[in-house]
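Please open the structure in your viewer and keep the sequence panel visible beside it. The tour proceeds by selections, and each stop states what is to be found there.

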Amino acid sequence: MVAHFRDYLAEETEVDFVMDNPDFGNAVRHRGTGDPVDQAQVWKLLGQFFDTQMDRQLPIAGAIEGINMLAEQADVVILTNLVDSRQETRRVQLEKLGLEARVFTNQGPKGPALQRILDEYRPSKAIFIDDLPQHHLSARETIPDITTLHLCGEPLLAPHIDCAHKAGHADARIDTWDEALPWLKSQLEKEPA
């Protein structure tokens, strides 16, 4: 969503999205001065974006195909940090893109929400994929033995995101679905410990 959010801001507002460090909040800046936009205003802009631009967001290369291939072997669910009122809109958006999966919404760290999903599904094995390192930390703090893949497939964002694998919170960091899919399949094929 980052590239689409950047384009939306450029077209519809007087602020720009300049991602040049890991702090997403400071990437939204007043056009002309370059000063960071107040955090409350950033959240308001994000809300407007999700309310009016959901269909504008396109998947990263290989994501739909890769997730659908995984769904042939495993239950796939989406855990997104959108507010609950946007859950159905996200599900419909993904369905239009060719991905039929149950969508869970969450606000904040994802570990506790992930635990609730695992409690419901009771899988013999689970793999958590996310683009942000803080969610891998939360997942590992909540479910220490979960397999995790740090996958940040958005080229605008990836170079600026700290690596959860290097921090010890993810089993791997792979930023393209072409490379991630074989790794994920190999994890699914491993015998449970």
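The stops below lead from the whole chain to a sheet, two helices and three individual residues.

**The whole chain**

Begin with the entire protein chain displayed as a cartoon, bearing in mind that this is a predicted model. The secondary structure comprises 7 helices and 7 strands. Read from the N terminus, the elements follow the order α-β-β-α-α-β-α-β-α-β-α-β-β-α.

Switch to the C-alpha trace and turn it along its principal axes: the span is about 55 × 35 × 30 Å. Does the radius of gyration agree or disagree with that of a compact globule? For 193 residues such a globule would have a radius near 16 Å, and the 17 Å of the protein chain agrees with this.

Now display the surface. The accessible surface is about 10500 Å², and carbon and sulfur atoms contribute 50% of it. Of the 193 residues, 42% are buried. Among contacts with a separation of 6 or more, 55% involve residues that are 24 or more positions apart.

**The three-stranded sheet**

Select β5 (127-130), β6 (residues 147-150) and β7 (172-173). These strands form an open sheet in the order β5-β6-β7, and the pairing is parallel. The edges are β5 and β7, each of which pairs on one side only.

Examine the two pairings in turn. Between β5 and β6 there are 4 bridges in the parallel sense; to locate this pairing, select Phe128, whose bridge partner in β6 is Thr148. Between β6 and β7 there are 2 bridges, again with the strands running parallel. Here the residue to select is Leu149, which stands opposite Ala172 in β7.

Next add helix α7 (residues 177-189), which packs on the sheet and touches β5, β6 and β7. The direction of α7 makes about 175° with that of β6.

Return to β5 and show its side chains. Which residues lie on the covered face of β5, and which on the uncovered one? Phe128 and Asp130 form the covered face, while Ile127 and Ile129 form the uncovered one.

**Two helices and their buried residues**

Select helix α6 (residues 133-142) and colour its buried residues: Pro133, His135, His136, Ser138, Ala139 and Arg140. Showing the surroundings reveals that these buried residues pack against α5, β5 and β6.

Then move to helix α1 (residues 2-12). The buried residues of this helix are Val2, Ala3, His4, Phe5, Tyr8 and Leu9. Their packing partners are β1 (15-17), β2 (28-30) and α2 (39-52).

**Thr105 and Asn106**

Select Thr105, which belongs to strand β4 (residues 102-105). Is Thr105 buried or exposed? Its relative accessible area is 18%, and because the cut-off for buried is under 20%, Thr105 is classed as buried. The side chain of Thr105 forms a polar contact of 2.5 Å with that of Asp84. Beyond its neighbours within four places in sequence, Thr105 is in contact with Leu79, Thr80, Leu82, Val83, Asp84 and Gln87.

Step on to Asn106, located in the loop between β4 and α5 (111-121). Asn106 is likewise buried, at 6% relative accessibility. Which side chain makes a polar contact with that of Asn106? The partner is Asn81, at 2.7 Å. With neighbours within four places in sequence again set aside, the residues in contact with Asn106 are Leu79, Thr80, Asn81, Leu82, Asp84, Ala113 and Arg116.

**Asp175**

Finish at Asp175, in the loop between β7 and α7. With a relative accessible area of 26%, Asp175 is partly exposed.

Show the side chain of Asp175 as sticks and follow two polar contacts. A polar atom of this side chain lies 2.8 Å from the backbone nitrogen of Cys152. The side chain of Asp175 also makes a polar contact of 2.9 Å with the side chain of Arg173.

Expand the selection to the residues that Asp175 touches, not counting those up to four places away in sequence: His150, Leu151, Cys152, Gly153 and Ala158. Lastly, draw a distance from the C-alpha atom of Asp175 to that of Met69; these residues are 106 apart along the chain, and the separation is 17 Å.

Terms used: Residues are numbered from 1 along each chain as its sequence is written. This is a predicted model: local features need pLDDT of at least 70, side-chain atom pairs count only at pLDDT 80 or more; totals for chains, interfaces and linings use all residues. Side-chain values use heavy atoms; hydrogens and water are left out. Two strands pair if DSSP finds at least two bridges between them. Contact means heavy atoms within 4.5 Å. Axes are lines fitted to C-alpha atoms, for helices over the stretch in contact, and angles run from 0 to 180 degrees between N-to-C directions. The radius of gyration is taken over C-alpha atoms; the globule rule is 2.2 Å times the number of residues to the power 0.38. Buried means under 20% relative accessible area, exposed over 50%, partly exposed in between (1.4 Å probe, protein chains only). Accessible areas come from the Shrake-Rupley method with a 1.4 Å probe; for residues, only the protein chains shown count as cover. A polar contact is a pair of N or O atoms within 3.5 Å; within protein, one must be able to donate a hydrogen and the other to accept it, and residues adjacent in sequence count only if both atoms are side-chain atoms.
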